[in-house]
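I opened this model to look up a few places in it and to write down what I found. The entries follow in the order in which I went through them.

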Amino acid sequence: MSHNVDAIVVGGGIHGCSTALHLCLAGLKPVLIEKGYAGRHASGVNAGGVRQLARHIPEIPLSIRSMAIWERISDLLDDDCSFESFGQVLVAENEGELAVCRARVAELNALGFTHEELIDAAELRRLVPAVAETCPGGVVSRRDGAANPAQTTTAFRRKAEQLGTTVREGVAASNIRYSDGLWHVDVGTESFAAPVLVNAAGAWAGRIAAALGEPVPVETVAPMLMITSRVPHFIDPVVILRGRKLSFKQFKNGTVLIGGGHLATPDQDRNETVLDWKSLATSARTVFELFPVMRDATIMRAWAGIEARMKDDIPVFGPSARHKGLYHQFGFSLHGFQLGPGAGAVMAELIVNGGTQTRIGDLGIDRFHPSTRSKKRTS
Amino acid sequence: MTMAPKREDYDVVVIGAGPAGLAAAATSAEAGLSTLLLDENIGPGGQVFRAISSTPVTERSQLGADYWVGADLVQSLRASNAEVIHRATVWSLDRNLDIAVSIGGASAFVKAKRVILATGALERPFPIPGWTLPGVMTAGAAQTMLKSSALVPDGRTVIAGQGPLLWLLAAQILRLGGRIDRILDTTERGNYFAALPHAFAFLTSPYFAKGLSMMREVKAKVQVVSGVTELAASGDGQLASVSYVAGGKRETIPVDLLLLHQGVVPNVNLAMSAGVEHRWDDLQLCWSPVLDASGNSSVAGIAIAGDGAGIGGANAAVVRGRIAARAAVEALALATAAKLPAMATLRVDLARAERGRVFLDTLFRPAPQFRIPSGDTIVCRCEEVTAKDVLDSVAIGATGPNQLKAYRRTGMGPCQGRLCGLTVTELMAQARGKTPQAIGYYRLRAPVKPITLAELAAVPKGEADVKAVVRG
């Protein structure tokens, strides 16, 4: 059976769910297709960092747009997503690292961005009392924070459905094709047709783009995280290190999440990952050195989410360079969670209005296909 | 003294030294394969033969002849060249057959060509009102104390539930001079009829005579109430009374100790975390791994033997252990397999050992009201989630156990779902009108047993780290 809808969104991560929701707010009726369930992979199992801090410059405008939505997330979703805003702190472990921080903040200020603020040892100690005494300072982004990723993605999905999105979970989108001015996608025995197709399929999006003639340099990665038993409250902000791979967050219930980008081996076809405990041990050693208070905590669980990382580490976001009605929203390269709310809003503007006030020009897929840059789109 | 594994690579690593693991390790080592047996307990035996080398109970009849069979298995293991490490907690196993094990507070990594999981069974959750009160414990926990320390209850004690282990424990407690005030038998009346067609196999099985005489022995000394259809524990911060309904009549009795038991289910955590495919077993009402006739799982190189392969009891576990080990020998050193009993012989032994099992599974299939709680009854002890909480989450969109984590953190506490997983699956299946198979189970993650951050920080550095240091 074939259904006509206003847009087809492939991928039930935070991005696909957010885009579906914002399309509904703009009066459209999309279908959201997810092969597992919403938040099954990276969007549901990431560290939950809501971070403007230390972002690549081309994605900062999108991040700032998103932050404003995060700060009123309950209004949008009727769910607080366990969002809390105690800031995020980048710790410099030595003077050399602090000098890099200083240069970065100056560069941002020159571009007109003020969310990152250089801090000295005293302010660092005030924000993160438990940090090792030898650290000379760092950078803080005070409005940043963290949320519960599974809760958030689930809330986006639920709200999108309430507002009129048709949700199909448990069956993969297949046979994606364009004919008679419409995109057609099969979902099991059903078929959907719409003038708009959004490719928000995360680690699986590169395959879709390539099949539609827009291959991009993307790899599938699986950043590992581990969580500890409950320990007495000792830290509020999210902490990341300038030099070593570590991010660190204590939740309200006392558990501590340790991440930082060490990678597991993904098995995309099995939807599985194989953890690398020797790398996780490196994270454990870093925490052991920097936060003596953590030494007796127990590791409860470790896992990895499967996601897409672009060669240039910034997402593919915006209209296709080849096909009318096709939009890409993937490749968030381990830092897409915070961008989800804003990216959905901007994507809806692109689809409905044909443009947006938010600066996203450097994120387009045409950056990988210079020949298509100035040409008129075909098909 | 800490005893780390002697090598980094083994032909066969057996995990668990209960009946299946003891038999598997001895068989594999006898055939000349380098064999490592890792076991969490302080000595061999697992749960059935717990403390077989150290129990203070010396009067053999008190623990029964079946218990002492374990001593022979330990004897053959010791006669073999298998390397055996106790107090060794395997906390990670993956599809590359990389194993992480904690021994005496230090972790080591070993790699195997074949892994035989013999991690046995767990007691099925028994989520009645008040089951989390101090003073309520599982029959298995009571039996552990009895075997390892000869400790038996001396306060007012009630045993409730059903199944062979319940009667065995009652007999053992009584023989050691312990006190039991009443046994509340929750076996559904209808189960007797359902089990009848399978009775012939049971009558001719070794379980029959032993089971019957044990029940007679217990019933001669303790009041047994059968046909119990409702059960609740209550007390203010401590168990004070047990209330039950039998034959439509409610009774409440004061107690100090309530022992609960309604059968055992495979301990699936390590196998599931390694990616082994499991399916819902509708007769045994639990998840069982998908295995071939030699115990090989869906993950190449991982076999499962013993009750972890589906509940079969100790005799079947021993044979399954030998079968899995023989399959490993055939795969790795075919020439030496000739020394071992033929596969055909082992399969005949297994069929004999499994005789009567369907009868027991049918008779002791727990009633729905004791598996699927309602209202304020706790489902997840770690996060204190009630049945109502679970149903509320289903109502607003939680579709399975993994999605439920986002709403309620069920299964995310220290027990990793061991105490709530089956309940959550069946409760959600009932609420959503689906089969447990369709609802699924928690995706389980290593560490399967928690390790300290300090212990993880102390593991030997990976090659990449070492190279980085050498390069300066």
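I began at Ser241(B), which stands opposite Pro254(B) in S14(B). The model I am reading is a predicted one. Strand S13 (residues 241-246) of chain B and S14(B) run antiparallel and are joined by six bridges. I then followed the pairing outwards and found an open sheet of three strands in chain B, in the order S12-S13-S14, with antiparallel pairing. Strand S12 (228-234) and strand S14 (249-254) of chain B are its edge strands, each pairing on one side only. Between neighbouring strands of this sheet I noted an average turn of 15°, direction ignored.

Next I turned to a hairpin in chain B. Strand S17 (residues 278-281) of chain B is joined to S18(B) by four bridges, and the two run antiparallel. His278(B) has Pro289(B) in S18(B) as its bridge partner. Four residues lie between S17(B) and S18(B) in this hairpin, and in the turn Leu285(B) has a positive phi of about 55°. I also asked which residues of strand S18 (residues 286-289) of chain B are buried on its two sides. On one side they are Cys286(B) and Ser288(B), on the other Trp287(B) and Pro289(B), and both faces of the strand are covered. As a reminder to myself, side chains in a regular strand alternate between the two faces of the sheet.

For a hairpin in the other chain I looked at strand S22 (residues 316-319) of chain A and strand S23 (residues 326-330) of chain A, which run antiparallel and are joined by four bridges. Pro319(A) stands opposite Tyr327(A) in S23(A). The hairpin of S22(A) and S23(A) has six residues between the strands, and Gly325(A) takes a positive phi near 80° there.

I went on to a pair of helices. The axes of helix H4 (residues 139-149) of chain B and helix H5 (residues 164-175) of chain B come within 10 Å and cross at roughly 35°, and the crossing of H4(B) and H5(B) is left-handed. From H4(B), the residues that meet the other helix are Ala139(B), Ala142(B), Gln143(B) and Leu146(B), while H5(B) brings Leu165(B), Leu166(B), Leu169(B), Gln172(B) and Ile173(B). By class, the contact of H4(B) with H5(B) has seven nonpolar residues, two polar and no charged.

Which residues touch the most other members of the largest nonpolar core? In this core of 242 residues they are Ile8(A), Val13(B), Ile116(B) and Leu258(B). H10(B) gives the largest share of the core, eleven residues. Another core, of 15 residues, lies apart from it and has Ala398(B), Cys420(B), Val424(B) and Ile439(B) among its members. I looked up Leu258(B) by itself as well: leaving out residues up to four places away in sequence, Leu258(B) touches Gly135(B), Val136(B), Val158(B), Ala160(B), Ala233(B), Leu239(B) and Val242(B).

I then checked two alanines of chain B. Is Ala20(B), with 37 other C-beta atoms within 10 Å, buried or exposed? Ala20(B), which has its place in helix H1 (residues 19-30) of chain B, is buried because that count meets the cut-off of 20 or more. Beyond its neighbours within four places in sequence, Ala20(B) is in contact with Ala118(B), Ala305(B), Gly306(B), Ala317(B), Val318(B), Arg320(B) and Gly321(B). Ala338(B) lies in the loop between helix H10 (314-332) and helix H11 (343-354) of chain B, and Ala338(B) counts as exposed because it has 9 C-beta neighbours inside 10 Å, where the cut-off is 12 or fewer. From C-alpha to C-alpha, Ala338(B) and Ala31(B) are 8.9 Å apart in space, although 307 residues apart in sequence.

My last entry is on the contact between the chains, to which chain A gives 32 residues and chain B gives 25 residues. On the side of chain A that touches chain B, helix H7 (149-162), strand S19 (272-274), helix H9 (277-290) and strand S20 (298-304) of chain A each give two or more residues. The largest share of that side, ten residues, comes from H9(A). I counted its residues by class as 16 nonpolar, nine polar and seven charged. S20(A) also pairs with strand S22 (residues 451-452) of chain B, in the antiparallel sense and over two bridges, and Thr298(A) has Thr452(B) in S22(B) as its bridge partner.

Technical notes:
Residues numbered from 1 in each chain as written. Chains lettered and ligands numbered in written order. Predicted model: local features only at pLDDT ≥ 70, side-chain atom pairs only at ≥ 80, totals over all residues. Contact = placed C-beta atoms within 7 Å. Nonpolar A, V, L, I, M, F, W, Y, C, P; charged D, E, K, R; others polar. Pairing = 2+ DSSP bridges. Core = buried A, V, L, I, M, F, W, Y, C linked by C-beta atoms within 7 Å. Axes fitted to C-alpha atoms, helices over the stretch in contact; angles between N-to-C directions. Left-handed = near helix turned anticlockwise from the far one by under 90°.
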